[in-house]
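Visitor: I would like a close look at a single part of this structure. Please take me through it step by step.

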Amino acid sequence: MSAMREKNYVICRNCVMDTTDVMIVFDEKGICDHCNTYYAQTLPNWHTDEQGERQLALMVDKIQKTGVGKDFDCIIGMSGGIDSSYLTYAAKEKLGLRPLVFHVDAGWNSQIAVNNIEKLVDGLELDLYTEVIDWQEMKDLQLSFFKSGVSHIDTPQDHSFFATMYKFAEQFGVKHILTGANLSTECIRNPIEWMYYQSDARQLKDIHAQFGSRELVNFPVTSILWHKIVLPYVKGIRVEKPLNSMPYIKEEAKKLLIDKFGWQPYPQKHFESRFTRFYESYWLPERFGYDVRRVQFSSLILTGQMTRDDALKELTQPSYDEQTIGQDIEFVANKLGISINEMNGFMLLPKRTYRDFKSQRQIYDIGAKVMKALGAEIGGKR
Ligand SMILES: [Zn+2]
């Protein structure tokens, strides 16, 4: 950390977001804009009480009606992490839905993730559909992102998850996609400088065109216009976030999943993927100084699930396990077919941002404004 940075360093007095988020703005009390947005806009529009129950009842009614006579009435994107696992339980046991559990295997599943998916699916007597992404194409795309120098190298994986689900829904006439996205653990989102929109197909294609070495034939690509306009308004396929309409407390959910299904917890959110673990615990903080734990802890602080003191204490620990990080780096390098030297070389490349490549940023900005004006989306990136 440079002396300059330390001199200008500021941390929010309410959460643990700080000036490693270069766009952060503090008010006269030293409270950051993430917190102020949460109290002014998110909280008043977020209902997990009777109002949430009524929203859920309407949603369930709609979903059940479109599912009459079909094998399932909705699909749930399942990673094996806590949010999607709890959602799967709640959808079946609390809401009485008949979901098809949908899993996208992008090549990076941890053994715990595989076990967790199996345990949930067996315990709830649900059907599991797994789509496997073309590994050669995935690898080429991931290497392209490494070579490009940007921070958001998790984009190919995340993009493949959503694009695959949308394609499946369209192909089989599924009207409802349920996701574990939620305000309770994600009311603060990763700043756009840290993690640019993973669904931006223009950016994905531009980075691949410049650094890729094989054509993408099977890799699923979606675009914002397709999944935000054509799918919902033309084809009637909606993405629902039921966890936002019910009480969802992370520690309680974890306990329930462990007790009821023998589900195994992860040391950190998103660690169900070995690539994401490498990316969030090592790549982002070491190469860019972006520690996603700040975002995750701050969300928990705002929703009363963690104290600021505990968060600050945890942040003094390294974001990765020093005993095993060497193995993690080796695993990722081996799997991508490169040497550890090459991987270390990527760490030292000149830093680029999403602005250095083609993007649909303007469309996202307009979309976000429209959604907020309509009250159709709360929270979101800034
Ligand atoms: Zn704050």
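What is the geometry of the zinc ion's site, and which angles occur among its four donor atoms?

Guide: One point before the details: this is a predicted model. The site of the zinc ion is tetrahedral. Angles among its four donor atoms run from 104 to 116 degrees. For four tetrahedral donors, the ideal angle at a metal is 109.5 degrees. The cut-off applied here is that all angles lie between 85 and 135 degrees. The site counts as tetrahedral because its angles, 104 to 116 degrees, fall within those limits.

Now the ligands. The protein donors are the SG atoms of Cys12, Cys15, Cys32 and Cys35. They lie 2.3 to 2.4 Å from the zinc ion. Along the chain, the donors follow the spacing C-x2-C-x16-C-x2-C. Burial can be stated for two of these cysteines: Cys32 and Cys35 are both buried.

For context, turn to the sheet. It is open and has five strands, paired in parallel. The strand order is β3-β2-β1-β4-β5. At the edges are β3 (127-132) and β5 (238-240), each pairing on one side only. On average, neighbouring strands are turned by 30 degrees against each other, direction ignored.

Within this sheet, take β1 and β2. Strand β1 covers residues 74-77 and strand β2 covers residues 99-105. The two run parallel and are joined by four bridges. Cys74 stands opposite Pro99 in β2.

A helix completes the view. Helix α3 (residues 50-66) lies across β1, β4 (176-178) and β5. Its direction makes an angle of about 130 degrees to β4.

Definitions and conventions
Residues are numbered from 1 along each chain as its sequence is written. This is a predicted model: local features need pLDDT of at least 70, side-chain atom pairs count only at pLDDT 80 or more; totals for chains, interfaces and linings use all residues. Side-chain values use heavy atoms; hydrogens and water are left out. Donors are N, O and S atoms within 2.8 Å of the metal (3.2 Å for Na, K and Ca); water is not among the atoms, so sites may look incomplete. Four donors count as tetrahedral if all angles lie between 85 and 135 degrees; four count as square planar and six as octahedral if opposite donors are over 155 degrees apart and all others between 65 and 115; anything else is irregular. Buried means under 20% relative accessible area, exposed over 50%, partly exposed in between (1.4 Å probe, protein chains only). Two strands pair if DSSP finds at least two bridges between them. Axes are lines fitted to C-alpha atoms, for helices over the stretch in contact, and angles run from 0 to 180 degrees between N-to-C directions. Contact means heavy atoms within 4.5 Å.
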